[in-house]
Amino acid sequence: MLMTGASRGIGWHAAVAMLAANPGLRMFVTDRTGGLAESLRDRSGNQQVYGVRTDLASLDSVRAAADHVMRRARVTSFVGNAGLQVTSGARCSADGYEVTFAVNVLANHLLLRLLGDQLRRAVITASDTHFGDFRHNLGLAPAPVWRPPAELARPDGPHTSVAGRTAYSTSKLAVIYLVHEWARRLDNTEVYSWNPGFVPGTGLTRDAGPIVRFTAARVLPLLTLTPLSVSPRTAGRHLAQVATGPAVAPSGSYVNLGQAERSSDASYDPQREGELFEAAQALTAT
Ligand SMILES: NC(=O)c1ccc[n+]([C@@H]2O[C@H](COP(=O)([O-])OP(=O)(O)OC[C@H]3O[C@@H](n4cnc5c(N)ncnc54)[C@H](OP(=O)(O)O)[C@@H]3O)[C@@H](O)[C@H]2O)c1
């Protein structure tokens with residue numbers, strides 16, 4: 001398995017759960033800072049974890065990571081869990097793209113493109129912020145604003161919190177489009193988008209101002225005592241099950257925690273799916 005986003009939050013718990021429950025699993029984890037594989041070995045007891053220095057905001061780095069892994073193993077599963085939300089400052093990736101789109105969409109696309117033929121299962125973390133309604137986002141995230149993909153990739157919008165959070169929910173709608181398109185194209189691979197629900201207490205809001213960070217770290221985790229949200233550990237256990245358990249649904253499905261559900265009406269749009277796929281192919285070409 002190749003997994004992104006295992007260093008903290010939901011992904012950390014998912015990786016530990018998968019490694020502990022599957023002693024035969026060999027896992028490569030992308031790691032921006034180093035030391036992740038060692039930590040996962042210690043925590044899970046599984047020694048077959050290998051770190052790959054990768055910044056997913058750089059397509060060269062993503063290509064190098066895929067190359068590194070494919071020279072060492074046949075990768076049959078991919079978990080694209082890394083994601084970010086930028087609410088302050090400039091949002092430009094190493095390649096000059098809007099960084100939310102680069103990490104949440106293009107890096108996943110490029111890894112699927114490079115690994116595709118080998119894969120038997122791929123799970124990409126989406127978000128129910130893609131619905132854009134109060135029931136799904138509790139008023140905490142703006143609705144997605146879809147635009148032609150080449151525009152979504154441009155980093156020149158306003159550098160406001162609302163623009164950054166809109167880029168986030170839009171990127172998660174894009175993830176669902178991509179999963180639909182990849183599911184059509186990969187005959188032998190189960191491709192899922194996976195929604196963790198609302199999971200306070202992770203690092204996702206770390207770019208926000210001090211009040212939001214305090215609320216996210218100290219107040220919102222209380223919601224895990226209600227049905228409105230789940231803890232990072234519970235979400236991680238679900239992700240582990242979707243990635244390594246029996247197939248939960250037909251390829252292309254949107255899996256909400258552990259169960260396939262219908263994503264938003266707007267997320268079923270073959271024309272946008274095709275356009276996004278073609279744009280992502282062009283934007284990730286060497
Ligand atoms: N928390 C929620 O309520 C919620 C709800 C719906 C969906 N999600 C999604 O769930 C996934 C996990 O998020 P989380 O809540 O667990 O947040 P988190 O604690 O911030 O974890 C995000 C992960 O993505 C990695 N990442 C971000 N940018 C990267 C980059 N440029 N290169 C390499 N790795 C990068 C982080 O690595 P570093 O440690 O190196 O930063 C970290 O491992 C994300 O896709 C997020 O959008 C979360």
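**Entry 1: S1 and S4.** I started with strand S1, residues 2-4, and found that it pairs with S4 in the parallel sense over 3 bridges. I noted one matched pair here: Leu 2 has Phe 78 in S4 as its bridge partner. A reminder to myself: this is a predicted model.

**Entry 2: the faces of S4.** Next I asked which way the residues of S4 point. In this strand, residues 77-80, Ser 77 and Val 79 point one way, while Phe 78 and Gly 80 point the other way. I looked up their burial too, and all are buried. So much for Phe 78, the partner of Leu 2; on to Gly 80.

**Entry 3: from S4 to S5.** I followed Gly 80 across to its bridge partner in S5, Ile 124. S4 and S5 (residues 121-125) pair in the parallel sense, over 4 bridges. I then traced the chain between these strands and met helix H4, residues 99-115. Together, S4, H4 and S5 make a right-handed β-α-β unit.

**Entry 4: from S5 to S6.** I stayed with Ile 124 and found a bridge partner in S6 as well, namely Ser 193. S5 and S6 run parallel, joined by 5 bridges. Is S6 mostly covered or mostly open? I checked residues 190-195, and 6 of the 6 are buried. Glu 190, Tyr 192 and Trp 194 point one way, with Val 191, Ser 193 and Asn 195 pointing the other way.

**Entry 5: from S6 to S7.** I picked Trp 194 for the next step and saw that it stands opposite Val 255 in S7. S7 covers residues 254-256, and 3 bridges join it to S6, again in a parallel run.

**Entry 6: around the ligand.** Which residues come nearest to the ligand? I found 27 residues around it, and the nearest are Gly 9, Leu 56, Gly 83, Thr 202 and Gly 203. Helix H1, residues 9-21, gives the most to this shell, with 3 residues. I sorted the shell by class and got 10 nonpolar, 14 polar and 3 charged residues.

**Entry 7: the whole chain.** I stepped back and counted 10 helices and 8 strands in the chain. The radius of gyration is 17 Å, close to the 19 Å that the globule rule gives for 286 residues, so I noted the chain as being as compact as a globular protein of that length. Along the principal axes, the C-alpha atoms fill a box of roughly 45 × 45 × 35 Å. Buried residues make up 51% of the 286. Finally I looked at contacts between residues at least 6 apart in sequence: 72% of them join residues at least 24 apart.

Technical notes
Residues numbered from 1 in each chain as written. Predicted model: local features only at pLDDT ≥ 70, side-chain atom pairs only at ≥ 80, totals over all residues. Buried ≥ 20, exposed ≤ 12 C-beta atoms within 10 Å, placed from the backbone. Helix = DSSP H or I, 4+ residues; strand = E, 2+ residues; numbered from the N terminus. Pairing = 2+ DSSP bridges. Right-handed = clockwise from strand over helix to strand, strands pointing away. Near = placed C-beta within 6 Å. Nonpolar A, V, L, I, M, F, W, Y, C, P; charged D, E, K, R; others polar. Rg over C-alpha atoms; globule rule 2.2 N^0.38 Å. Contact = placed C-beta atoms within 7 Å.
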